[in-house]
Amino acid sequence: MPDVPAGVRRARIPEYARSPCAPLVCDRQPRLVRDYPEPVRREGEAIVELRVAGICHTDLELARGYLGFEGVLGHEFVGEVVAADEQRLVGKRVVADINAGCGRCTDCDAGNAHHCATRTVLGIVGRDGAMADRFAIPQKCLVEVPDTVTDSAAVFAEPLAAALHVLDDVPDTGEPIVVLGDGKLGQLVARALLGSGRRVVVVGRHERQALPGARWQVRGALLESELAHELDGSAVVVEATGRAAGIALALGLVRPRGTIVLKTTVAGATSVDLSPIVIHELKVAGSRCGDLKKRGSHARRTPRRPHAADRRALLARAGGRRVPPRGRARRA
Ligand SMILES: [Zn+2]
Ligand SMILES: [Zn+2]
């Protein structure tokens, strides 16, 4: 029998463990493991029973070897607390900040636990993730889900917080912000920016996927194939393509002295010519996780309606052709 680490409470199989814990484990190849050990709860931690888990690009990269992670995948979830030091939490529906700082270092003291050098990150760094019947997580990371929010909406809490975190690095120039990428992350970033009153142009690769259905969405969407690489366009570009090539595209789209916010993480090294950053005096900001407990600071300001002029102006500078909207988009 393995040694039980200090602070771990493990006397007998707990009552909540009615069924075996069968997680999705990543060790070179993702696989379901039927006889995985029941999670052990350290002091200050809760055991959470999974209700819904999300799969994102980071999970796919972890499965390809990103960060050398081995363990249970999953960091986007809604669950129910089945055991905790704080009894008021038991039975509560929760989501979580996935970064758990040590609580003792200068970063943690400064409220910067996301950058604690010895942090664990749920399902990403040093901690089994949420794609299991049950998993352990520090109580301090948990955020209760209001009854009015469904599981299928709440499971987006973590990626939405990460999308809203872009606002911390985006200067308000009054001009439309270019969001590169029309996958889940790109769409969340676009919606977060729009929700805060910014104008947005989404540049993607999927004509029908680029935020279908709403008037502003179609008018504010472009295809990558419409753009010229020498485009000298936007003051702010948010790179959310999920591809290593995204940064080169962003460097080609941003205006001198402009800002690029990078959201994509990829496994392995990336080769890119960084000279435009110096030549054009660009600012490049990395942006990772957001703060799920942050309230109010991203409140909607006076909304600025995105309009066709944003798209046309960008296209004119790109020298690209206009792509007519299709399907429902045409009638919008
Ligand atoms: Zn994610
Ligand atoms: Zn720390």
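# A guided tour

Visitor: What does Gly197 do just after H5?

Guide: Gly197 takes a positive phi of about 90° there. Heads up: this is a predicted model, where local features need pLDDT of at least 70, side-chain atom pairs count only at pLDDT 80 or more, and totals for chains, interfaces and linings use all residues. Residues are numbered from 1 along each chain as its sequence is written, chains are lettered from A and ligands numbered from 1 in the order in which they are written, and side-chain values use heavy atoms, leaving out hydrogens and water.

Visitor: What makes H5 a helix in your book?

Guide: A helix is a DSSP run of H or I with at least four residues (a strand is a run of E with at least two), numbered from the N terminus. H5, residues 184-195, has twelve residues.

Visitor: How do you know that the span of H5 agrees with what it should be?

Guide: The expected span is 1.5 Å times one less than the number of residues. For H5 that gives 16 Å, and its end C-alpha atoms are 16 Å apart, so the two agree.

Visitor: Why is the site of the zinc ion (ligand 2) called tetrahedral?

Guide: Its donors are the SG atoms of Cys102, Cys105, Cys108 and Cys116, at 2.3 to 2.4 Å, and a donor is an N, O or S atom within 2.8 Å of the metal (3.2 Å for Na, K and Ca). Four donors count as tetrahedral if all angles lie between 85 and 135 degrees. Here the angles run from 104 to 117°, so the label applies.

Visitor: Why is Cys116 called buried, but Cys105 partly exposed?

Guide: Buried means under 20% relative accessible area, exposed over 50%, and partly exposed in between (1.4 Å probe, protein chains only). Cys116 has 0%, so it is buried, while Cys105, at 24%, is partly exposed.

Visitor: Which residues hold the zinc ion (ligand 1)?

Guide: Cys56 (SG), His75 (NE2) and Glu76 (OE) coordinate it at 2.1 to 2.2 Å. His75 and Glu76 are buried.

Visitor: How do you know that E5 and E7 pair?

Guide: Two strands pair if DSSP finds at least two bridges between them. Eight bridges join E5 (residues 45-54) to E7 (residues 76-84), so they qualify. Ile47 stands opposite Ala83 in E7.

Visitor: What makes E11 and E12 edge strands?

Guide: The open, antiparallel sheet runs E11-E5-E7-E8-E12. E11 (134-138) and E12 (142-144) each have a single partner strand, so one side of each lacks a neighbour in the sheet.

Definitions and conventions
Tetrahedral: all angles 85-135°; square planar, octahedral: opposite > 155°, others 65-115°.
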